[in-house]
Amino acid sequence: MNENENKNAQTIEEESKSGRKSASNFWSKASNMGKKVADNVQKNAIALSEKAKAENYQRKMEKYNPLFIKEYKSKNFLLPNMIRIVDNASIQSIDVCEGAIGWRDRSTEVEVLSLSADFAASSSISFYPNLTLGALYYLDAYDEQRYVNVERIFSKAHEEKLAELEHIAYMLGAKRCSVELLEADGMDNHSKNRAEISSKFGASKSEEKAQSFSHAMSGKTVSTFNGNNTPLRPNLKWFKNDRNILNLIEMRCSDSNSIQARTLVLEGSSSVAIEHSQARAIDMTVQKIGCKIKSSLERQYTKEYSSKLVFEVEF
């Protein structure tokens, strides 16, 4: 092989090596680029997954609003008007509520705190008539530390009104008092029957009075005392704004002290347990959270509002 042929062969070999090197570089770059793309895809996928997890966690936080003991004990924390008692396991089963004492639902007409039964039992909150798992309680209008079972709001108020009127009579030095509740339907029947009796037989006042009490619901109290002529002003809760009761106290506590007996007809509308808007909001909240109560609070409110308390006192 002459010199020229050697040079040509060498050139061809060098070109071949250069071609192989270029191809190797090309595939190396392509591989690196593909690896980078794959890494970026993986990073983006991880980022999207983390973002989805964060968004899901935030949605759950907004939905449940978990309550932790630190927040509960803070000076700025205020208990909502309604509390539902739940078992601790149901709270801990929600990931965002792990370690919490309950959660708050603000999507209803009345904010509801689902509170751990274990924590509720050891807290300073008073539950009337007792603490019951699964029960709903509403804040007592006269005591910020007491919650009343929603099914007992009106019956509890009725019992307290009877007791307060009896206490008023006692403090004023009465010898006897009676309190009776008349419902609207009973009063309507009484008026109708009284008209029929009067038109046919000319009923006396005593007959009319006896007829009116025949339609009263249970809850009448009759009390007798020794009586005295040194009346004391009673502390009032349910009747502190009732003009009839305030006038009776003034007459009995005046210097003359001449009143011997009095019959008051107290309108239910003057001492309702809760307002109509509250009763309706509670009913709607109970329905939304899937609880059941024996009787609609709005229906009970209507009955209480249109009822009357007949208060008779003798000195």
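## From one core residue outward

Leaving aside its neighbours within four places in sequence, Ile245 is in contact with Leu165, Ile168, Leu236, Phe239, Leu264, Leu266 and Phe311. The model is a predicted one, and this residue offers a convenient way into it. Ile245 belongs to the largest nonpolar core, which has 42 residues, and it is listed with Ile153, Leu165, Ile282 and Phe311 as the members that touch the most others. Several elements each supply at least two residues of this core: strand 6, helix 5, strand 8 (176-182), helix 8 (243-253), strand 10 (261-267), helix 9, helix 10 (297-305) and strand 11 (308-314). The largest share comes from helix 5, with seven residues. Apart from this core lies another, of 16 residues, including Leu67, Ile101, Leu115 and Ala135. In soluble globular proteins, nonpolar side chains tend to be buried together.

The next element to follow is the sheet. It is open and consists of seven strands in the order 1-3-4-2-6-7-5, with mixed pairing. Its edges are formed by strand 1 (66-67) and strand 5 (126-128), each of which pairs on one side only. Strand 6, residues 136-140, and strand 7, residues 143-149, pair in the antiparallel sense over four bridges, and the two form a hairpin with two residues between them. Within this pairing, Tyr138 has Val148 of strand 7 as its bridge partner. Strand 7 also pairs with strand 5, here in the parallel sense and over three bridges, and Val148 stands opposite Tyr128 in that pairing.

Tyr128 also leads to a feature of the backbone, since the peptide bond from Tyr128 to Pro129 is cis, with omega near 0 degrees. Pro129 itself lies in the loop between strand 5 and strand 6. At the other edge of the sheet, Asn65 lies in the loop between helix 1 (3-64) and strand 1. The phi angle of Asn65 is near 45 degrees, a positive value in a residue other than glycine. Is Asn65 buried or exposed? With a relative accessibility of 16%, Asn65 counts as buried, because the cut-off for that class is under 20%.

Helices can now be placed against this sheet. Helix 5 (residues 153-171) packs on it and touches strand 5, strand 6 and strand 7, its direction making about 115 degrees with that of strand 7. Helix 9 (residues 276-288) lies across strand 2 (82-86), strand 4 (112-116) and strand 6, and runs at about 155 degrees to strand 6.

Helix 9 has a helical partner as well, for helix 9 and helix 10 pack at an angle of about 155 degrees with their axes 8 Å apart. That angle makes helix 9 roughly antiparallel to helix 10, because angles over 145 degrees are placed in that class. On the side of helix 9 the contact is made by His276, Ala279, Arg280, Ile282 and Asp283, while helix 10 contributes Leu297, Glu298 and Tyr301. The residues of this contact divide into four nonpolar, one polar and three charged. Ile282 ties this helix pair back to the starting point, being listed with Ile245 among the members of the largest nonpolar core that touch the most others.

Methods:
Residues numbered from 1 in each chain as written. Predicted model: local features only at pLDDT ≥ 70, side-chain atom pairs only at ≥ 80, totals over all residues. Heavy atoms only, no water. Pairing = 2+ DSSP bridges. Contact = heavy atoms within 4.5 Å. Axes fitted to C-alpha atoms, helices over the stretch in contact; angles between N-to-C directions. Core = buried A, V, L, I, M, F, W, Y, C linked by side-chain atoms within 4.5 Å. Buried < 20%, exposed > 50% of the residue type's maximum accessible area, 1.4 Å probe, protein only. Parallel < 35°, antiparallel > 145°, perpendicular 65-115°, else oblique. Nonpolar A, V, L, I, M, F, W, Y, C, P; charged D, E, K, R; others polar.
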